[in-house]
Amino acid sequence: MRRIGSVVRTAQGLAVLRADDADGDDADTDAHRDEIGTTVLDDNLEEVGRVVDVFGPVDRPYLAVTPDDDVHLPSLVGSTLYAR
């Protein structure tokens, strides 16, 4: 499990995350970037949803996550999310 970023807002039924900085030790900065379809988890290791879009600056993009049916979307704002 690795940290992917924090939820900065919700929009059109999606959680929008600001990705964490790329690992400076890695020569290939895209090596740990999350792709569309990545499963997203919360602090309790509960599945929250899946990445459906990656957009914005290459060095620190935004991720759009579609939440699972049982997830209360507004409660995610400010949360740190993780990828499996």
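**View 1. Arg 3, partly exposed with a relative accessible area of 46%, in its salt bridge with Asp 20.** Please keep in mind as you look around that this is a predicted model. The partner of Arg 3 is Asp 20, and the closest N and O atoms of the two are 2.8 Å apart. Why does this pair tie together parts of the chain that are 17 residues apart in sequence? Arg 3 belongs to strand β1, whereas Asp 20 sits in the loop between β2 and β3, so the contact links a strand to a loop 17 residues away in sequence. The structure holds 2 salt bridges, and View 2 turns to the pair of Glu 47 and Arg 84.

**View 2. The salt bridge between Glu 47 and Arg 84.** Here the side chains meet at 3.7 Å, taken from N to O. Glu 47 is part of strand β4 and Arg 84 is in the segment after β6 (80-83), so parts that are 37 residues apart in sequence are tied together. Are the two partners buried or exposed? Glu 47 is partly exposed, at 33% relative accessibility, while Arg 84, at 62%, counts as exposed.

**View 3. The barrel of 6 strands.** Stepping back a little, we can follow the strands as they close into a barrel in the order β1-β2-β5-β4-β3-β6, with antiparallel pairing. On average, and with direction ignored, neighbouring strands of this sheet are turned by 45 degrees against each other. The chain has 0 helices and 6 strands, and its elements read β-β-β-β-β-β from the N terminus on. Of its 84 residues, 35% count as buried. Among contacts in the chain with a separation of 6 or more, 54% come from residues 24 or more positions apart. The accessible surface comes to about 5100 Å², and carbon and sulfur atoms make up 44% of that area.

**View 4. The hairpin of β3 and β4, with Leu 45 in its turn.** These two strands pair in the antiparallel sense over 3 bridges, and 5 residues lie between them. A handy landmark is Val 40, whose bridge partner in β4 is Gly 49. Where does the positive phi in this turn fall? Look for Leu 45, with a phi of about 65 degrees, a positive value in a residue other than glycine. Leu 45 lies in the loop between β3 (39-41) and β4 (47-55), and at 53% relative accessibility Leu 45 counts as exposed.

**View 5. The hairpin of β4 and β5, with Gly 56 in its turn.** The pairing of β4 with strand β5 (residues 62-67) is antiparallel and runs over 6 bridges. There are 6 residues between the two strands, and Gly 56 in the turn has a positive phi of about 100 degrees. To find your way along the strands, start from Val 54, which stands opposite Leu 63 in β5.

**View 6. Phe 55 and Tyr 62, a stacked aromatic pair.** The structure holds 1 aromatic pair. The ring centres of Phe 55 and Tyr 62 are 5.7 Å apart and the planes meet at 15 degrees, so the pair counts as stacked, given that planes under 30 degrees apart fall into that class. Both rings belong to partly exposed residues: Phe 55 has a relative accessible area of 34% and Tyr 62 one of 27%. Tyr 62 also leads to another strand pairing, since Arg 18 stands opposite Tyr 62 in β5. That pairing, between β2 and β5, is antiparallel over 4 bridges.

**View 7. Ala 11 and Gln 12, at the end of β1 and in the loop that follows.** Ala 11 is found in strand β1 and is partly exposed, with 28% relative accessibility. How far apart in space are Ala 11 and Leu 73, C-alpha to C-alpha? The distance is 9.7 Å, although 62 residues separate the two in sequence. Gln 12 has its place in the loop between β1 (2-11) and β2 (14-19). Though not a glycine, Gln 12 has a positive phi of about 50 degrees. With a relative accessible area of 83%, Gln 12 is exposed.

Notes: Residues numbered from 1 in each chain as written. Predicted model: local features only at pLDDT ≥ 70, side-chain atom pairs only at ≥ 80, totals over all residues. Heavy atoms only, no water. Phe/Tyr/Trp six-rings, centres within 6.5 Å; stacked < 30°, edge-to-face > 60°. Buried < 20%, exposed > 50% of the residue type's maximum accessible area, 1.4 Å probe, protein only. Salt bridge = Lys/Arg side-chain N within 4 Å of Asp/Glu carboxyl O. Pairing = 2+ DSSP bridges. Axes fitted to C-alpha atoms, helices over the stretch in contact; angles between N-to-C directions. Contact = heavy atoms within 4.5 Å. Areas by Shrake-Rupley, 256 points an atom, 1.4 Å probe, with all protein chains shown as cover.
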